[in-house]
Amino acid sequence: MISRLSLAAGGVVGFVLAFTLFHLINVSFWLPAAREEGRARLTAEQAAADRKAEIERKNDDAALRTKTDFDLCVDALRARRVPIDACDQLRRLRSE
């Protein structure tokens with residue numbers, strides 16, 4: 001009869017061989033494919049983000065070109081929650 005010791009040793013050897021085989025398949029085939037797919041996905045995401053940022057920048061630039069100095073001053077001070085009294089000088093310059 002097969003002793004428990006040889007049965008346990010066979011199980012351990014089988015586990016080690018299966019683990020080694022799985023590791024070799026993983027390193028040889030699956031990891032390189034996953035890396036290429038990840039790089040392609042990252043490149044596509046970056047291109048989409050760059051395009052979106054460029055469109056937003058163009059919209060912002062178009063909006064800024066149409067504003068007067070007074071409007072730009074008011075927007076900047078309101079964003080900082082500061083009184084807009086300092087912009088009154090620009091309003092007087094515009095009316096002159």
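In the predicted model described here, R39 has a relative accessibility of 48% and therefore counts as partly exposed, since that class covers residues between under 20%, which is buried, and over 50%, which is exposed. The side chain of R39 meets that of E36 in a salt bridge, with 2.9 Å from N to O. Because E36 and R39 are three residues apart in helix α1, about one helical turn separates them.

The pair of E36 and R39 is joined by others, for a search of the whole structure finds four salt bridges. One of these links R41 with E37, whose closest N and O atoms are 3.0 Å apart; these two residues stand four residues apart in helix α1 and so are separated by about one helical turn. R41 counts as partly exposed, at 48% relative accessibility, and E37 likewise counts as partly exposed, at 48%. A salt bridge is also formed by E54 and K58, with the closest N and O atoms 3.4 Å apart, and both of these residues lie in helix α1, four residues apart, or about one turn of the helix. E54 has a relative accessible area of 32% and is therefore partly exposed. In general, side chains of opposite charge can pair when their charged atoms come close.

Helix α1, which comprises residues 4-66, also contains L21. Together with F22, I25, F29 and W30, L21 forms a nonpolar patch on the surface, and the accessible area of these residues together is about 550 Å². L21 itself is exposed, because its relative accessible area is 53% and the class begins at values over 50%.

Beyond this helix, a search of the whole structure finds one disulfide, which joins C73 to C87 with an S to S distance of 1.9 Å. The link of C73 and C87 is left-handed, with -85° about the S-S bond. C73 lies in helix α2 (residues 69-79), whereas C87 lies in the loop between α2 and α3 (88-95), so the pair ties together parts that are 14 residues apart in sequence. Both C73 and C87 are buried.

The loop between α2 and α3 is also the place of R81. Phi of R81 is near 55°, which is a positive value in a residue other than glycine, while most residues other than glycine have a negative phi. With a relative accessibility of 79%, R81 counts as exposed, in contrast to C87, which is buried.

Notes
Residues numbered from 1 in each chain as written. Predicted model: local features only at pLDDT ≥ 70, side-chain atom pairs only at ≥ 80, totals over all residues. Heavy atoms only, no water. Patch = residues over 30% accessible without salt bridge, like charges linked within 9 Å, V, L, I, M, F, W, Y side chains within 5 Å. Areas by Shrake-Rupley, 256 points an atom, 1.4 Å probe, with all protein chains shown as cover. Buried < 20%, exposed > 50% of the residue type's maximum accessible area, 1.4 Å probe, protein only. Disulfide = S-S within 2.5 Å.
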